[in-house]
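Q: Please explain the descriptive terms used for this model, setting each value against its definition.

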Amino acid sequence: MEAAFMDSGTTVDKGENARLSSFIGAIAIADLVKTTLGPKGMDKILQRISENDQSISVTNDGATILKSINLDNAAAKVLVDIAKVQDDEVGDGTTSVAVLCGELLREAEDLINQRIHPQTIAEGWRLARKVARAALEASAIDNSADEAEFREDLTRIASTTLSSKLVTYEKEYFAKLAVDAVMRLRGSNNLDHIQVLKKPGGHLRDSYLEEGFLLDKKIGVGQPKRIENAKILLANTSMDTDKIKIYGSRVRVDSLNKVAEIEEAEKERMRQKCEKIIAHGCNVFINRQLIYNLPESIFTERGIMAIEHADFDGIERLAAVTGGEVASTFDRPDLVTMGECDVIEEVMIGEDKVIRLGGCKSGEACSIVLRG
């Protein structure tokens with residue numbers, strides 16, 4: 001009956017064969033990443049097999065290796081998904097969780113051969129999990145009341161995590177960077193207040209923690225490069241209507257003067273929109289979308305700093321650290337909450353210019369600048 005619903009050449013594994021196939025696939029994945037585990041782990045060379053991309057990468061990160069493997073074994077795919085969840089939720093331990101699952105399945109295979117039912121084995125694992133959790137909670141130490149001891153504990157945790165990473169030879173330095181950034185959160189656990197900015201060049205030790213928020217964007221031409229006591233209007237709105245955009249329709253005119261009138265009408269609408277934005281009393285305007293020439297020139301005349309194309313993640317993070325809200329309409333200034341910070345200025349990192357927001361309303365905001 002099954003053959004009627006399957007393509008030609010399809011095979012079905014049942015019972016012992018299906019179970020054996022699952023064991024083999026999952027244990028093979030665990031054995032693959034086992035050699036990368038720990039500070040003495042070895043790197044893997046990954047080569048893409050696409051016709052357009054045959055690049056080579058060297059890594060010992062379990063999540064990266066497992067994402068690069070094409071699998072057709074169901075149990076092996078489950079193991080890869082477990083590693084992905086570990087990477088998303090914790091950010092570390094992807095190799096460990098894959099190896100642990102592989103070893104559990106290796107022992108389970110011996111128990112299955114002794115005619116022990118899989119449900120019995122699974123129940124034993126649940127009991128073992130409770131015992132392991134109780135043992136961990138019994139041996140746990142809470143030094144959160146003592147800041148010096150708590151910082152030391154966090155530094156040791158960060159150093160252990162970095163032991164198998166590329167920066168292992170500078171792990172003390174980067175562990176201190178990470179702990180300093182996390183300690184600024186003061187227990188809020190909102191990691192959006194910590195930005196990681198990568199700038200090629202220099203040495204690893206040139207990396208540093210900036211006590212402020214760095215935005216990798218450019219300030220408009222002719223606008224102030226430094227503003228103190230900034231009132232920031234964050235927006236996600238179209239600022240390009242000075243260009244004629246008519247979709248799916250045709251406009252017939254009998255002279256070029258008519259075209260000029262249409263363009264002037266579009267520009268007048270943009271001027272009115274800019275006046276509404278200026279009426280909010282802001283001296284800094286940050287938009288998620290592009291800011292075209294006409295509105296940029298209007299902001300320049302009024303002495304307002306305009307920053308364009310702050311992507312979705314950037315504008316949401318800015319709203320969190322400056323205490324503002326992202327606006328899309330500007331008819332009611334009294335309903336818009338603007339962000340605040342002590343100073344916005346343009347600074348140099350290596351050969352690149354970035355925008356620094358210092359003294360943000362959310363005092364926990366900071367940026368880790370990675371060099372090398």
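A: The first term concerns a helix pair: α4 and α5 are oblique to each other. The structure is a predicted model, in which local features need pLDDT of at least 70 and side-chain atom pairs count only at pLDDT 80 or more, while totals for chains, interfaces and linings use all residues. Residues are numbered from 1 along each chain as its sequence is written, and side-chain values use heavy atoms, with hydrogens and water left out.

Q: Why are α4 and α5 called oblique?
A: α4 packs against helix α5 (residues 118-139) at an angle of about 140°, and the two axes are 10 Å apart. Helices here are DSSP runs of H or I with at least four residues, strands are runs of E with at least two, and both are numbered from the N terminus. Axes are lines fitted to C-alpha atoms, for helices over the stretch in contact, and angles run from 0 to 180 degrees between N-to-C directions. Angles under 35 degrees count as roughly parallel, over 145 as roughly antiparallel, 65 to 115 as roughly perpendicular, and the rest as oblique. The pair α4 and α5 is therefore oblique.

Q: What makes up the contact of α4 with α5, and how do its residues divide into nonpolar, polar and charged?
A: L104, L105, A108, L111 and I112 of α4 meet P118, I121 and W125 of α5, where contact means heavy atoms within 4.5 Å. Ala, Val, Leu, Ile, Met, Phe, Trp, Tyr, Cys and Pro count as nonpolar, Asp, Glu, Lys and Arg as charged, and the others, Gly among them, as polar. The division is accordingly eight nonpolar, no polar and no charged.

Q: What is the handedness of the crossing of α4 and α5?
A: It is right-handed. A crossing is right-handed if the near helix is turned clockwise from the far one by less than a right angle, and left-handed if anticlockwise.

Q: How is α3 placed against α4, in angle and axis separation?
A: Helix α3 (residues 74-89) packs on helix α4 (residues 94-113) at about 145°, with axes 8 Å apart, and the crossing is right-handed. L79, I82, A83, Q86 and D87 of α3 make this contact with T94, V97, A98 and C101 of α4. These residues divide into six nonpolar, two polar and one charged.

Q: Why is C101 called buried?
A: The relative accessible area of C101 is 18%. Buried means under 20%, exposed over 50%, and partly exposed in between, with a 1.4 Å probe and protein chains only; C101 is therefore buried. Leaving aside neighbours within four places in sequence, C101 is in contact with L79 and I82. C101 and A30 are 71 residues apart along the chain, and their C-alpha atoms are separated by 7.5 Å.

Q: What makes α6 oblique to α7?
A: Helix α6 (residues 147-162) and helix α7 (residues 171-183) pack at about 130°, with axes 8 Å apart. That angle makes α6 oblique to α7. Their crossing is right-handed. Among the contact residues are F150, L154 and A158 of α6 and F174, A175 and V179 of α7. The contact divides into eight nonpolar, two polar and four charged residues.

Q: How do you know that the buried residues of α9 line one face of the helix?
A: In helix α9 (residues 293-301) the buried residues are L294, P295, I298 and F299. Seen down the axis, they fall within an arc of 135°, so they line one face; the arc is that of the directions from the helix axis to the C-beta atoms. An α-helix has 3.6 residues a turn, so residues three or four places apart point the same way. The cover of the buried residues of α9 includes α8 (256-278), β7 (284-287) and β8 (305-307). The face turned away carries the exposed residues N293 and E301.

Q: Why is N229 called exposed, whereas H309 is called partly exposed?
A: N229 has a relative accessible area of 59% and is therefore exposed. H309, at 43%, is therefore partly exposed. N229 lies in strand β6 (residues 226-235), and its phi is near 50°, a positive value in a residue other than glycine. H309 is in the loop between β8 and α10 (312-322) and has a positive phi of about 60° although it is not a glycine.

Q: Why does G339 count as buried?
A: G339, in strand β10 (residues 339-349), has 0% relative accessibility and therefore counts as buried. Beyond its neighbours within four places in sequence, G339 is in contact with A230, K231, I232, T322, G323 and G324. G339 and K231 are 108 residues apart in sequence and 6.0 Å apart in space, C-alpha to C-alpha.
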